[in-house]
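Reader: I am new to this one and would like to be walked through it slowly. Could you put it up first?

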Amino acid sequence: MKKTLFVGRHGVGKTTLKQRLMGLEIKYEKTQYMLYGRWIIDSPGEYAEVHGLGAALAIYSYEADVVAMLISADDEYSLFPPNVASMINRDVIGIVTKISKCPPDRAENWLRLSGCKRIFKVDSHTGEGVEELKTYLRKQK
Ligand SMILES: Nc1nc2c(ncn2[C@@H]2O[C@H](COP(=O)(O)OP(=O)(O)OP(=O)(O)O)[C@@H](O)[C@H]2O)c(=O)[nH]1
Ligand SMILES: [Mg+2]
């Protein structure tokens with residue numbers, strides 16, 4: 001699988017999506033520090049929210065093949081500045097989470113404004129959209 005860094009605010013669903021992608025039990029586990037797994041690098045939301053911690057995300061992105069920017073379908077604002085994806089020298093994808101809760105359009109637009117060309121829409125509880133994301137994250141032979 002492509003080594004993938006998950007970035008997004010606290011509670012957006014990074015860890016739950018990791019559990020779903022890896023076939024683990026879905027259960028709430030607050031991420032307290034960078035969790036460097038076999039192919040998913042899971043970050044605490046605070047690293048994206050607190051300016052002084054953002055550098056850690058930049059450093060971990062150097063170890064990744066793909067940087068995934070996550071926004072939840074029911075989020076009321078986006079943390080990501082316009083066109084920020086152009087600052088990342090890795091493949092960048094957008095992921096809208098929690099699509100069973102409300103339509104994904106607003107979050108999808110924010111991800112496009114931030115420069116994500118490819119956007120996946122998923123729900124980690126129902127499993128909707130997760131296979132498509134997994135197919136993309138499989139390394140091409
Ligand atoms: N309905 C629904 N709930 C979700 C989904 N993804 C996550 N949740 C719920 O949202 C809450 C937060 O999810 P986490 O995966 O812990 O969020 P996180 O982004 O890892 O949060 P931090 O570790 O704090 O950065 C949990 O109660 C999850 O069950 C989803 O796709 N659909
Ligand atoms: Mg987490």
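Author: What follows is a conversation about the fold, the sheet, one helix, the ligand and one loop residue. This is a predicted model, in which local features need pLDDT of at least 70 and side-chain atom pairs count only at pLDDT 80 or more, while totals for chains, interfaces and linings use all residues. Residues are numbered from 1 along each chain as its sequence is written, and chains are lettered from A and ligands numbered from 1 in the order in which they are written.

Reader: Thanks. How many helices and strands does the protein have?

Author: There are 5 helices and 6 strands, where helices (H or I, at least four residues) and strands (E, at least two) are DSSP runs numbered from the N terminus. Along the sequence they follow the pattern β-α-β-β-α-α-β-β-α-β-α.

Reader: And what about its overall dimensions?

Author: The C-alpha atoms fill a box of roughly 35 × 35 × 30 Å along the principal axes. The radius of gyration is 14 Å, which agrees with the value near 14 Å for a compact globule of 141 residues; this radius is taken over C-alpha atoms, and the globule rule is 2.2 Å times the number of residues to the power 0.38.

Reader: How much of the protein counts as buried?

Author: Of the 141 residues, 38% count as buried, a word that applies if 20 or more other C-beta atoms lie within 10 Å of a residue's own (exposed is 12 or fewer, partly exposed is in between, and C-beta atoms are placed from the backbone). As for contacts, meaning pairs whose C-beta atoms, placed from the backbone, lie within 7 Å, residues 24 or more positions apart account for 69% of those with a separation of 6 or more.

Reader: Now the sheet. In what order do the strands run?

Author: The 6 strands form an open sheet with mixed pairing, in the order E2-E3-E1-E4-E5-E6. Its edge strands are E2 (35–36) and E6, each of which pairs on one side only; two strands pair if DSSP finds at least two bridges between them.

Reader: Which way do the neighbours pair around E1 and E4?

Author: Strand E1 (residues 4–7) pairs with E4 in the parallel sense over 4 bridges, with Val7 standing opposite Met69. On the other pairing of E1, the partner is E3, again in the parallel sense, over 3 bridges, and Thr4 has Ile40 of E3 as its bridge partner. E4 also pairs with strand E5 (residues 91–97) in the parallel sense over 7 bridges, where Ile71 stands opposite Val96. E2 and strand E3 (residues 40–42), by contrast, pair in the antiparallel sense over 2 bridges.

Reader: Why is E4 described as largely enclosed?

Author: Because 7 of the 7 residues of E4 (residues 66–72) are buried, the strand is largely enclosed by the rest of the structure. Val66, Ala68, Leu70 and Ser72 point one way, while Val67, Met69 and Ile71 point the other way, and all are buried. E1 is covered on both faces too, with Thr4 and Phe6 buried on one side and Leu5 and Val7 on the other.

Reader: Switching to helix H4, which of its residues are buried?

Author: In H4 (residues 105–113) they are Ala107, Trp110 and Leu111. Seen down the axis, these buried residues fall within an arc of 100 degrees, so they line one face of the helix; the arc is that of the directions from the helix axis to the C-beta atoms. Their cover includes E4, E5 and E6.

Reader: What surrounds ligand 1?

Author: Of the 20 residues around ligand 1, Gly13, Thr15, Thr16, Thr31 and Gly45 come nearest, a residue being near if its C-beta atom, placed from the backbone, lies within 6 Å. Helix H1 (residues 14–21) gives the most to this shell, with 3 residues.

Reader: Last one: where does Asp123 lie, and is it buried or exposed?

Author: Asp123 lies in the loop between strand E6 (118–121) and helix H5 (130–137), and Asp123 is buried, with 21 other C-beta atoms within 10 Å. Leaving aside neighbours within four places in sequence, Asp123 is in contact with Lys98, Ile99, Ser100, Glu128 and Gly129.

Methods. Two residues are in contact if their C-beta atoms, placed from the backbone, lie within 7 Å.
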